[in-house]
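Hi,

Here is the structure I promised to pass on. Have a look at it first, and then read my notes below.

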Amino acid sequence: MAARPKIVVVFDFDKTIIDCDSDNWVVDELGATDLFNSLLPTMPWNALMDTMMRELHAQGKTVEDIRKALTSVPIHPRVVPAIKTAHALGCDLKVVSDANLFFIETVLEHLGIRECFSEIYTNPGFVDRQGCLRIQPFNSSPHACANPCPPNMCKGGVVEKLLSTLPEKMFIFLGDGVGDYCPSLKLREEDHVVPRKDFPVWDLISKTPILVKAKIHAWTDGKELEQTLLQTISEICPSLLDDEDISFSQLMSAGCELQTVSTSAGYEPLNRTALPMHH
């Protein structure tokens, strides 16, 4: 499978690549749920997570404790093979997420798929001189977007820039949350948006689908994510199949043969944590 389709696949991270919210997961795993809930009404989410990391550091929790918690996030067993197959087919994979760089890179490295992604656009996450994980906003100043984006990040702005720098490529965008609605509106008629069904982005798109120029393909779980992604790639680039004499069923079979890296928690349902949901 040496085909090189001119396709950019953009993934959200929380509840798309992994099957939970990574912020909620870490807070819950490190026993800070009550503190998180008490602070939640007082500040924006991004600032809250930075505060939580400082509070956990003050309580003696280390960066290694955070990393260990992240290696147990739930993920559907078909997501890693889907990513590996899309990468092997020559697609340019990117992450655009309102999580943070430390969380995302830790998980992707643990799963053995960090090298599949050419770029990660997210909130900076770094360890300071005191050994405390710090989280900063992606947008250093307030953005002027009128869509329901969080104040610290407009994913639509990121996708808009990618479209302007890679105009010859076709885009596939996969997401689930409110923040994934804005980039869905930026896509062109030749692009594809893949919203998670019955999640906030699906609800927003369903209200006024005419506002979305891109072709819409819904998915519900990792198995459908894999099927929908690979089917869309094969539809965009039929030459991929012509040149290599590969059928879609063979493409799926190749994905099924790829090995996943198991998390210690295995696959768990989305409602694992009782924390407020991060959109």
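Let me start with Asp-12, which is buried, with a relative accessible area of 4%. That counts as buried because the cut-off is under 20%. Bear in mind as you read that this is a predicted model.

Asp-12 sits in the loop between strand 1 and helix 1. I looked it up, too: an unreviewed UniProt entry lists Asp-12 and Asp-14 under "active site". What does Asp-12 touch, leaving aside residues up to four places away in sequence? The neighbours are Ile-17, Val-96, Ser-97, Lys-155, Leu-174, Gly-175, Asp-176 and Asp-180. On top of that, the side chain of Asp-12 makes a polar contact of 3.2 Å with the side chain of Thr-16.

Asp-14, the other residue in that UniProt listing, is also in the loop between strand 1 and helix 1. Asp-14 is buried as well, with a relative accessible area of 6%.

Now for a pair with unusual backbone angles. Most residues other than glycine have a negative phi. Lys-15 is not a glycine, yet its phi is positive, about 60 degrees. You'll find Lys-15 in the loop that runs between strand 1 (7–11) and helix 1 (22–29). Asp-198 isn't a glycine either, and its phi is positive at about 65 degrees. This one belongs to the loop between strand 7 (192–195) and helix 9 (200–207).

Are these two buried or exposed? Lys-15 is buried, at 4% relative accessible area, whereas Asp-198 is exposed, at 58%.

On to the sheet. There is an open sheet of 6 strands, paired in parallel, and the order is 3-2-1-6-7-8. At its edges are strand 3 (117–123) and strand 8 (215–216), each pairing on one side only. Strand 2 (residues 92–100) runs parallel to strand 3, and 5 bridges join them. If you want a spot to look at there, Leu-93 stands opposite Phe-117 of strand 3.

Last, a word on confidence. The average pLDDT for the chain is 89, and 84% of the residues score at least 70. Over residues 258–275, though, the pLDDT is below 50, and this stretch has 49 contacts in the model beyond near neighbours in sequence. Where pLDDT is low, the predicted coordinates should not be read in detail.

Cheers

Terms used: Residues numbered from 1 in each chain as written. Predicted model: local features only at pLDDT ≥ 70, side-chain atom pairs only at ≥ 80, totals over all residues. Heavy atoms only, no water. Helix = DSSP H or I, 4+ residues; strand = E, 2+ residues; numbered from the N terminus. Buried < 20%, exposed > 50% of the residue type's maximum accessible area, 1.4 Å probe, protein only. pLDDT = per-residue confidence, 0-100. Contact = heavy atoms within 4.5 Å. UniProt positions renumbered as here; feature names shortened; annotations may be inferred. Polar contact = N/O pair within 3.5 Å; in protein donor to acceptor, adjacent residues only side chain to side chain. Pairing = 2+ DSSP bridges.
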